[in-house]
Amino acid sequence: MRISPRLRAILKQRCPLCLKGQMFDGRLRMNPRCPVCGHRFEREQGFFQGAMYVSWVLGVSYLAVLGVLAQLLLVPHIGIAWAVACVVAVHVICIPMVFRYSRVIWAHLNVRTKP
Ligand SMILES: [Zn+2]
C-alpha cells in the first residue's frame, strides 16, 4: 500500500517542512526546531493553541468509537459503570498520543501559511 509522504510524516510525527526531522524529543517534550532542516515548530507565540481544535476532533472521534464499542461489547457483560471506567482508562492512556498528534497535524495543516 502506497501512502503519501505527508501522511507518513504525520504518522511518524516528523517535521512539516522537510518531513524528516522528529518533532518530539520525549514523550511530551517538543523539539524547538527541526533537527534536520532547522524549521522552528512554534512559529509564533501561541501557534499551538490552534491544536486544541484538532485535539477536540481527535478526542470526540475516538471517544465516540470507544463508546459504541463499549456499549456493544462491554455493557452486556460488565455493566455500564465498569464499561465507562474502561473507556475513561483508555482515554487517559491516549491523552499523550492525542496531545502529540494534535500538534503534529496542526503544524502540517499550517505549513504553507505565513506567521
Ligand atoms: Zn525539518
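Good morning. A compact globule of 115 residues would have a radius of gyration near 13 Å, whereas this chain comes to 17 Å. Please bear in mind that what you see is a predicted model. Along the principal axes, the C-alpha atoms occupy a box of roughly 55 × 35 × 25 Å. Of the 115 residues, 17% count as buried.

Let me turn to the secondary structure. The chain has two helices and zero strands. Helix α2 covers residues 51–109, and its end-to-end span deserves attention. If α2 were straight, its 59 residues would span 87 Å at 1.5 Å a residue, yet only 10 Å separate its end C-alpha atoms. Where does α2 bend, and by how much? The bend is at Gly79 and amounts to about 125 degrees.

Distant parts of the sequence also meet in this model. Among contacts with a separation of 6 or more, 43% are between residues 24 or more positions apart. Val54 offers an example: leaving aside neighbours within four places in sequence, Val54 is in contact with Ser102, Ile105 and Trp106.

I now come to the core. Which residues form the largest nonpolar core? There are twelve: Ala9, Ile10, Cys15, Met23, Cys34, Phe41, Phe48, Ala51, Val54, Val104, Trp106 and Ala107. The elements that contribute two or more residues to this core are α1, spanning 5–11, and α2. The greatest contribution is that of α2, with five residues.

The buried residues of α2 are Ala51, Val54, Ala70, Ala83, Ser102, Arg103, Val104, Trp106, Ala107 and His108. For a biochemist, it may be of interest that this list includes Arg103 and His108. The buried residues of α2 pack against α1.

Finally, I should like to consider one residue, Ala107, which is found in α2. Why does Ala107 count as buried? Ala107 counts as buried because it has 27 C-beta neighbours inside 10 Å, and the cut-off for burial is 20 or more. With neighbours within four places in sequence left aside, the contacts of Ala107 are Pro16, Met23 and Phe41. Of these partners, Met23 and Phe41 are themselves listed in the largest nonpolar core, as is Ala107. Ala70 is another buried residue of α2; Ala107 and Ala70 lie 37 residues apart in sequence and 33 Å apart in space, C-alpha to C-alpha.

Thank you for your attention.

Note on methods. Residues are numbered from 1 along each chain as its sequence is written. This is a predicted model: local features need pLDDT of at least 70, side-chain atom pairs count only at pLDDT 80 or more; totals for chains, interfaces and linings use all residues. Helices (H or I, at least four residues) and strands (E, at least two) are DSSP runs, numbered from the N terminus. Two residues are in contact if their C-beta atoms, placed from the backbone, lie within 7 Å. The radius of gyration is taken over C-alpha atoms; the globule rule is 2.2 Å times the number of residues to the power 0.38. A nonpolar core is a set of buried Ala, Val, Leu, Ile, Met, Phe, Trp, Tyr and Cys residues joined through C-beta atoms within 7 Å. The expected span of a helix is 1.5 Å times one less than its number of residues. The bend at a residue is the angle between axes fitted to the seven residues ending there and the seven starting there.
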